[in-house]
Amino acid sequence: VEAELRTEVLQGRSCGSAIRWHLSFAKPVLSVQVGAWLPGAMVEGTVDGSPVTARRRPSESILSQHARVTASSSLEGRAPERMLDDDVETEWFAAKGAEQAWVLIDLGSERLITTVRWKWWAKSMADTWRLDSRAGEQGSEWQHQHSSQTATGPQVSFNADVELRGWAAPCRQVRLTMSKGHLDPWGFGVFFGIRSFDVLGRDDASTAGTGELWGASQ
């Protein structure tokens, strides 16, 4: 059925501007479905095919910024908290000579993870690693998410970056397990080092709620 589409931009009360669609059909129709993608909002509710409220899309934030972090071992002066201090010039080292290591990020509560990323220190990266998550603390089972066997390998061998997509199930803890590391060339005697480690996720609290797009008189 042929139709004529006309749009109208309306100034919203609390959520910015909105678009109203006007459709005129050459013949009677039983139903009309209109879909739209808006970068900053999700549309909810319709009146004659027009949205009446909008909910802001959940934003993404660095959940690990104030998280608790532990490690299997650390070289003196290179504690795991240095991975989360937003400074790539500081780093965590595993203990001297340690041939296996792990770091654990505790977010404090269950969150939806969108991205996990980290930067290795110099050449001290793991050829074999595994990323797991679990919903609670002690007692809950670890769930495998990514590994060096399934992820795309780094394109460089010095200060390499790893970035991985998140997963559907919420979790509280994220653990990176490492083996087959590379001895640093500066005499620290360490096989594993990480400059920064970020866990990103949805920040529902700061984007909750709905607002009117336009008044009833419009």
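## A buried tryptophan

At 7% relative accessibility, W121 counts as buried, because the limit for that word is a relative accessible area under 20%. The model in which W121 is described here is a predicted one. F93, a residue with which W121 forms a ring pair, is buried as well.

## The protein as a whole

The protein contains zero helices and 15 strands. Of its 218 residues, 37% are buried, and its accessible surface comes to about 12,800 Å², with 49% of that surface belonging to carbon and sulfur atoms. When contacts are taken between residues at least 6 apart in sequence, 69% of them join residues that are at least 24 apart.

## Aromatic rings around W121

A pair of aromatic rings is described by the distance of the centres and the angle of the planes. Eight aromatic pairs are counted when ring centres are required to lie within 6.5 Å of each other. In one of these, the centres of the F93 and W121 rings are 4.5 Å apart and the planes stand at 70°, so the pair is edge-to-face, given that angles over 60 degrees are placed in that class. The two residues come from distant parts of the chain, 28 residues apart, with F93 in strand β7 (residues 92-93) and W121 in the loop between β9 (113-120) and β10 (128-134).

W121 also forms an edge-to-face pair with W186, for which the distance is 5.5 Å centre to centre and the angle between the planes is 65°. Since W186 belongs to the loop between β13 (171-179) and β14 (193-203), while W121 belongs to the loop between β9 and β10, this pair ties together parts that are 65 residues apart in sequence. Ring pairs join F93, W121, F158, W186 and F188 into a cluster.

## F188, a partly exposed member of the cluster

F188 lies in the loop between β13 and β14, and with a relative accessible area of 30% F188 is classed as partly exposed. Apart from neighbours within four places in sequence, the residues in contact with F188 are L75, R78, F93, K96 and W121. The C-alpha atoms of F188 and G97 are separated by 9.1 Å, although these residues are 91 apart along the chain.

## An open sheet of five strands

Strands of a sheet pair through backbone hydrogen bonds, either parallel or antiparallel. In this structure an open sheet of five strands follows the order β6-β8-β13-β10-β11, and the pairing is antiparallel. Its edge strands are β6 (68-71) and β11 (143-147), each of which pairs on one side only. On average, neighbouring strands of the sheet are turned by 20° against each other when direction is ignored.

Strand β8 (residues 100-111) is joined to β13 by eight bridges, and the bridge partner of R111 in β13 is C171. On β10, seven bridges make the antiparallel pairing with β13, and four bridges make the antiparallel pairing with β11. L131 has a bridge partner in both of those strands, namely L176 in β13 and H146 in β11. Five of the seven residues of β10 are buried, so this strand is largely enclosed by the rest of the structure.

## Strand β9 and its partner

Strand β9 is mostly covered, with six of its eight residues buried. Five bridges pair β9 with strand β12 (residues 161-165) in the antiparallel sense, and V116 stands opposite L164 in β12.

## A charge over a ring, and two positive phi angles

The charged end of R175 sits over the ring of W142, at 4.2 Å from the centre of that ring.

Most residues other than glycine have a negative phi, and most peptide bonds are trans. D86 and A122 can be read against that background. D86, in the loop between β6 and β7, has a positive phi near 65°, and A122, in the loop between β9 and β10, has a positive phi of about 50° although it is not a glycine. Are these two residues buried or exposed? D86 is exposed, with a relative accessible area of 68%, whereas A122 is buried, with a relative accessible area of 1%.

Note on methods. Residues are numbered from 1 along each chain as its sequence is written. This is a predicted model: local features need pLDDT of at least 70, side-chain atom pairs count only at pLDDT 80 or more; totals for chains, interfaces and linings use all residues. Side-chain values use heavy atoms; hydrogens and water are left out. Rings of Phe, Tyr and Trp (its six-membered ring) pair if their centres lie within 6.5 Å; planes under 30 degrees apart count as stacked, over 60 as edge-to-face and the rest as tilted. Buried means under 20% relative accessible area, exposed over 50%, partly exposed in between (1.4 Å probe, protein chains only). A charge sits over a ring if NZ of Lys or CZ of Arg is within 6 Å of the ring centre and within 35 degrees of the ring normal. Two strands pair if DSSP finds at least two bridges between them. Axes are lines fitted to C-alpha atoms, for helices over the stretch in contact, and angles run from 0 to 180 degrees between N-to-C directions. Contact means heavy atoms within 4.5 Å. Accessible areas come from the Shrake-Rupley method with a 1.4 Å probe; for residues, only the protein chains shown count as cover.
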